[in-house]
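User: I would like to go through this model step by step, with reasoning shown for each answer. Please keep to what the coordinates support.

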Amino acid sequence: MSVQKRIFMCGIATETHDFNKYPTTLEAFTDKGLYYVQEGESLERFREGDLWFGGYLEVAESEGWQLVTGVCAFAWPWGSVTEHAFETLWARIERQLRDEAPFDGILLPLHGGMACEHLDDPVGEFVARIRRIVGGRVKIAASLDLHSNLSPQFVRDCDIVCGFHTTPHIDVRQTAVRTASLLARTLRGEIRPQCHSIHPPVLFGIDHGRTTVPNTPMFTLLKRAEVIQAEDPQLLDASFMPAYPFCDQPWTGTSAVLVMDGPSERVNDYLDEFGAEIWRTRDVLTIDIVSIEEALDSVEQTAKDPGPFLLGDFTDCPYSGAYGDATAMLSALIERGTPGAVFGPLFDAEAVEQAHAGGVGAQIEVELGGKSDPRFGGGPVIGTATVKALSDGKFIHKGPFMQGQPGDLGESALLEIGGVGVIVNPFPSQLHDREQLKLFGIRFEELNVLVSKAFNHMRADFEPLSRGLLYPDAGGVFSFDFSKFPFEKIRRPIWPLDDFEISPGDMDRC
Ligand SMILES: [Zn+2]
């Protein structure tokens with residue numbers, strides 16, 4: 001009879017916008033975390049739903065593993081992670097890793113887009129510390145968001161690296177299953193995985209990882225990997241990372257990661273090919289970024305077509321690390337007098353409090369939004385608002401993104417100001433599921449236009465019912481005019497900040 005394998009799972013994860021001026025504190029990972037799993041906690045609440053943990057649980061049960069839960073702390077995207085937050089979480093993980101050893105494998109649910117105030121490569125440092133503790137024998141397997149900035153050192157320290165294959169991310173659980181299944185085959189002695197990577201100097205590439213339009217860069221790369229896999233069984237898994245561009249650290253940028261079975265003579269050819277393809281398609285973008293005026297013109301011109309128009313106020317998208325309280329789009333809607341418009345969620349705890357104090361039907365004097373950093377997307381909208389609806393903000397995702405997971409907008413309200421419906425809530429968030437609108441009695445299908453502070457994820461539920469989708473650049477902190485941001489630590493030259501040519505042979509690799 002074989003001995004039961006012991007697997008340890010832990011992670012510190014977030015997506016960090018280094019130019020968001022507010023730090024990500026310990027509380028943002030724990031009390032206010034997106035997911036916060038504590039030492040020894042059962043993963044039962046994650047059994048269903050599209051998250052890492054359900055996927056790990058599935059494989060652990062079918063393999064008969066003893067899965068030991070360590071701290072898995074995910075903070076919402078925000079500014080640089082404080083040294084206190086990272087080191088406090090790490091100390092807890094380290095203690096458990098030492099106390100409960102030995103382990104046969106380590107599973108790491110991570111986001112590779114984290115930046116810390118005291119580390120140049122926090123994701124690489126996290127794995128390096130684990131590797132130093134467990135030694136070379138224990139297998140380390142990481143599952144990552146594709147918006148990852150990976151260093152060659154990170155790839156070297158992992159035995160298995162798997163990234164999401166979809167944006168909107170609807171394969172989180174599937175990625176965890178891929179990762180854990182490869183770990184299982186490794187522990188059964190069937191494969192000997194080795195990770196290899198190439199790091200094309202592109203700040204934000206592969207069409208940001210989108211898988212919404214066929215035959216675009218992410219699809220092409222994944223399809224090519226499938227073809228190679230069919231010919232060469234040594235290729236166990238392939239991931240392509242478009243990067244998360246607002247981490248000011250040396251390894252910010254694109255990468256391709258291949259998991260090979262044992263030493264491969266062909267892996268460098270594959271890396272060359274993928275590196276060249278990522279470089280060749282670096283300026284391909286399948287979204288339409290327009291001015292505010294162009295966006296509202298399109299809404300008007302298509303008013304007779306069926307379905308709502310969807311506008312992504314993406315430069316202020318909190319899920320991308322922006323503040324979530326920029327007002328430029330709201331001001332434009334009011335000025336235009338666009339009918340049937342809902343905007344939000346606008347992060348404004350004060351307005352929420354006023355609305356709940358006043359009750360439905362009340363008229364309240366507000367200074368809406370624009371408080372975090374008015375340089376990015378405008379200051380407060382001042383005026384009289386009517387409270388149209390109140391909610392506790394709790395819902396269950398029914399759309400494809402985060403399906404089955406509970407969601408929470410917090411104590412929130414629907415206000416009307418200048419003829420525009422504004423959903424206000426007490427922390428940065430986004431609208432990406434029709435259930436969120438139902439909280440306020442809004443049926444998405446009946447709107448003329450929805451302006452969501454969202455980027456890609458809202459497309460999963462909203463786009464199929466929409467008559468159009470555009471992304472107005474309203475000047476928020478998640479703008480793609482990268483020259484506006486004072487990068488200091490990133491590798492140079494890097495596209496698009498520098499004008500240069502490079503061949504795959506000159507790209508960093510592991
Ligand atoms: Zn992502």
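Analyst: The questions below concern a predicted model, and they take up its domains, a sheet and a single residue in turn.

User: How many residues of domain 2 are in contact with domain 1?

Analyst: The protein is divided into domain 1, residues 6-280, and domain 2, residues 292-472, and the C-alpha centres of these domains lie 32 Å apart. On the side of domain 1, 18 residues take part in the contact, and on the side of domain 2 the number is 17.

User: Of the residues of domain 1 that touch domain 2, how many are charged?

Analyst: Contact with domain 2 involves 18 residues of domain 1. Sorted by character, this side of domain 1 has 7 nonpolar residues and 6 polar ones, while the number of charged residues is 5.

User: Which strands stand at the edges of the open sheet of 9 strands?

Analyst: The sheet has mixed pairing and follows the order 10-20-11-19-12-18-17-14-13. An edge strand here has a single partner strand, so one side of it is left without a neighbour in the sheet, and this applies to strand 10 (289-290) and strand 13 (363-368).

User: Which residue of strand 20 stands opposite V290?

Analyst: Strand 10 and strand 20, the latter formed by residues 468-472, run parallel and are joined by 2 bridges. Across this pairing, the residue of strand 20 opposite V290 is P472.

User: What angle does the direction of helix 9 make with that of strand 20?

Analyst: Helix 9, residues 292-301, packs on the sheet and touches strand 10, strand 11 (309-312), strand 19 (449-452) and strand 20. Taken against the direction of strand 20, the direction of helix 9 makes an angle of about 165°.

User: In strand 17, what is the bridge partner of T386?

Analyst: Strand 14, residues 381-391, is joined to strand 13 by 6 bridges in an antiparallel arrangement, and T384 in strand 14 is the bridge partner of E365. Strand 14 also runs antiparallel to strand 17 (residues 412-417), with 5 bridges between them. In that pairing, the partner of T386 is E416.

User: Is L51 buried or exposed?

Analyst: L51 is found in the loop between strand 2 (35-37) and helix 2 (52-63). Leaving aside residues up to four places away in sequence, L51 touches Y35, F46, V172, R173 and Q405, and its C-alpha lies 9.7 Å from that of Y35, with 16 residues separating the two in sequence. The cut-off for burial is 20 or more other C-beta atoms within 10 Å. Because L51 has 23 C-beta neighbours inside 10 Å, L51 counts as buried.

Definitions and conventions: Residues are numbered from 1 along each chain as its sequence is written. This is a predicted model: local features need pLDDT of at least 70, side-chain atom pairs count only at pLDDT 80 or more; totals for chains, interfaces and linings use all residues. Domain bounds come from an automatic or database domain assignment. Two residues are in contact if their C-beta atoms, placed from the backbone, lie within 7 Å. Ala, Val, Leu, Ile, Met, Phe, Trp, Tyr, Cys and Pro count as nonpolar, Asp, Glu, Lys and Arg as charged, and the others, Gly among them, as polar. Two strands pair if DSSP finds at least two bridges between them. Helices (H or I, at least four residues) and strands (E, at least two) are DSSP runs, numbered from the N terminus. Axes are lines fitted to C-alpha atoms, for helices over the stretch in contact, and angles run from 0 to 180 degrees between N-to-C directions. A residue is buried if 20 or more other C-beta atoms lie within 10 Å of its own, exposed if 12 or fewer, and partly exposed in between; C-beta atoms are placed from the backbone.
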